[in-house]
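Thanks for coming. I will walk through one structure this morning, a piece at a time, and you can follow along on the screen.

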Amino acid sequence: MSLKLMYITNRPEIAQIAESAGVDRIFVDMEYIGKSDRQGGMDTVQSHHTIEDVALIRNAITTADLLVRVNPIHNKTVDYCSSKEEIDAVIENGADIIMLPYFKSADEVREFVKIVDGRARTLPLLETVEAVDCIDEILDIDGIDEIFIGLNDLSLGYQKKFMFELLSDGTVEHLCHKFKKKGIPYGFGGIASLGKGMLPSEYIIKEHYRLGSTCSILSRSFCNIDMIKHFGVISSTFVNGIREIRELEKECERYMNYFTENKSEVARIVKSICES
């Protein structure tokens, strides 16, 4: 198992660099409705990409999946189109995976799945306390392809000081067990380059493996293109950073196999003893 790595950008040249370095999903982020209000003052990415960006990235990449985060479920107003119009446009412009953010009820997820109607893969972003409270009902909905835990907003909802408290206090583990039981692939949070971050990313990657996670977002600090302008440096940052992550993943896989192989060997020896 290798984590599916996602990187947020609306720049075709950066998307191509990331794809060539091994990023699995290029992430166009159209969410803006209500986001600045609830994340005011936080050092978070608020991209407000557009439908035009979806088309640009679709034409720029060939092997990576195109993931688009739309806005929360909403009706049409004088300021923006309805969720159905937005999702239809995203699909028409080539999205492979659509992420629904900030839902609070199973009905919102049902509407999302109904609108998508199998035309793209669905990826609800679990990031509200209300959604956690009704997660069993949500996971019973047909048509959810994957699910992702958004630690920024969920930690705000639980009034945590640091978003990775949800990883240490058992919240993420509790949810992952529910996802796994339903057979729905899942991921959480973001990771920086190895050795970087307040909680160094190697610890987070190991938790992904322990919990059976399948995907994560490469954080802005992994390669901050607002700070790095030279394309050669950007390319080497992606190539070296992803290579280091993949090498650590091989180590994680070896340790995971250790117990699986021991279980198989115990079964073999016991069978041999019984037969003799």
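**Helix α5 and its surroundings**

I start with helix α5, whose buried residues pack against α4, β4, β5 and α7, the last of these being residues 135-139. Before going further, please keep in mind that this is a predicted model. The buried residues in α5 are A106, E108, V109, F112, V113, I115 and V116. Just after α5 comes D117, which takes a positive phi of about 55°.

Next is G118, in the loop between α5 and β5, where β5 covers 121-126. G118 has a relative accessible area of 71%, and because exposed means over 50%, G118 counts as exposed. For a sense of distance, take G118 and K181: they are 63 residues apart in sequence, and their C-alpha atoms are 23 Å apart in space.

On the other side of α5 is the loop that joins β4 (97-100) to α5 (106-116), and Y102 sits in that loop. Y102 is not a glycine, yet its phi is positive, about 45°. Is Y102 buried, exposed or partly exposed? Its relative accessibility is 23%, so Y102 counts as partly exposed; the cut-off for buried is under 20%.

There is another non-glycine residue to mention here. Q159 has a positive phi near 60°. Q159 lies in the loop between α8 (151-157) and α9 (165-168). At 73% relative accessibility, Q159 counts as exposed.

**D88 and helix α4**

I said that the buried residues of α5 pack against α4, among other elements. Helix α4 covers residues 83-92, and D88 lies in it. What does D88 touch, once residues up to four places away in sequence are not counted? The answer is I115 and R119. I115 is one of the buried residues of α5. With R119 there is a polar contact of 2.7 Å, side chain to side chain. D88 is charged, but it has a relative accessibility of 15% and therefore counts as buried.

Helix α4 also appears in the second largest pocket, which has a volume of about 180 Å³. Of the 15 residues that line this pocket, the closest to its centre are M30, Y32, T50, I51 and E86. Two elements give two or more residues to the lining, namely α3 (51-60) and α4. The largest share comes from α4, with three residues. By type, the lining divides into seven nonpolar, five polar and three charged residues.

**Helix α1, strand β2 and the cores**

Now to helix α1, residues 12-21. Its buried residues are I14, A15, I17, A18, E19 and A21. They pack against β1 (4-8), β2 (25-29), α3 and α12 (231-275). After α1 comes G22, with a positive phi near 115°.

Strand β2, one of those partners, contains V28. V28 has a relative accessible area of 0%, so it is buried. Leaving aside neighbours within four places in sequence, V28 is in contact with T9, H49, T50, D53, V54, I57, L66, L67, V68 and R69. T50 is also among the residues closest to the centre of the second largest pocket. The C-alpha atoms of V28 and H174 are separated by 29 Å, and these two residues are 146 apart along the chain.

Helix α12, another partner of α1, holds F238. F238 is at 0% relative accessibility, so F238 counts as buried. Which residues does F238 touch, not counting those up to four places away in sequence? They are Y7, I14, I17, A18, A21, V23, F222 and C223. I14, I17, A18 and A21 are among the buried residues of α1.

The largest nonpolar core has 72 residues, and within it I98 and F238 touch the most other members. A second, separate core has eleven residues, including M6, L67, I97 and M99. L67 is also one of the contacts of V28.

One last distance: F238 and S105 are 133 residues apart along the chain, and their C-alpha atoms are separated by 37 Å.

That is where I will stop. Thank you.

Note on methods: Residues are numbered from 1 along each chain as its sequence is written. This is a predicted model: local features need pLDDT of at least 70, side-chain atom pairs count only at pLDDT 80 or more; totals for chains, interfaces and linings use all residues. Side-chain values use heavy atoms; hydrogens and water are left out. Helices (H or I, at least four residues) and strands (E, at least two) are DSSP runs, numbered from the N terminus. Buried means under 20% relative accessible area, exposed over 50%, partly exposed in between (1.4 Å probe, protein chains only). A polar contact is a pair of N or O atoms within 3.5 Å; within protein, one must be able to donate a hydrogen and the other to accept it, and residues adjacent in sequence count only if both atoms are side-chain atoms. Contact means heavy atoms within 4.5 Å. A nonpolar core is a set of buried Ala, Val, Leu, Ile, Met, Phe, Trp, Tyr and Cys residues joined through side-chain atoms within 4.5 Å. On a 1 Å grid over the protein atoms alone, a cavity is a set of points where a 1.4 Å probe fits but cannot get out, and a pocket is an open set with protein on both sides within 12 Å along at least five of seven lines; lining residues have an atom within 4 Å of a point. Grid points are joined across faces, edges and corners, and a volume is the space filled by probe spheres set on the points.
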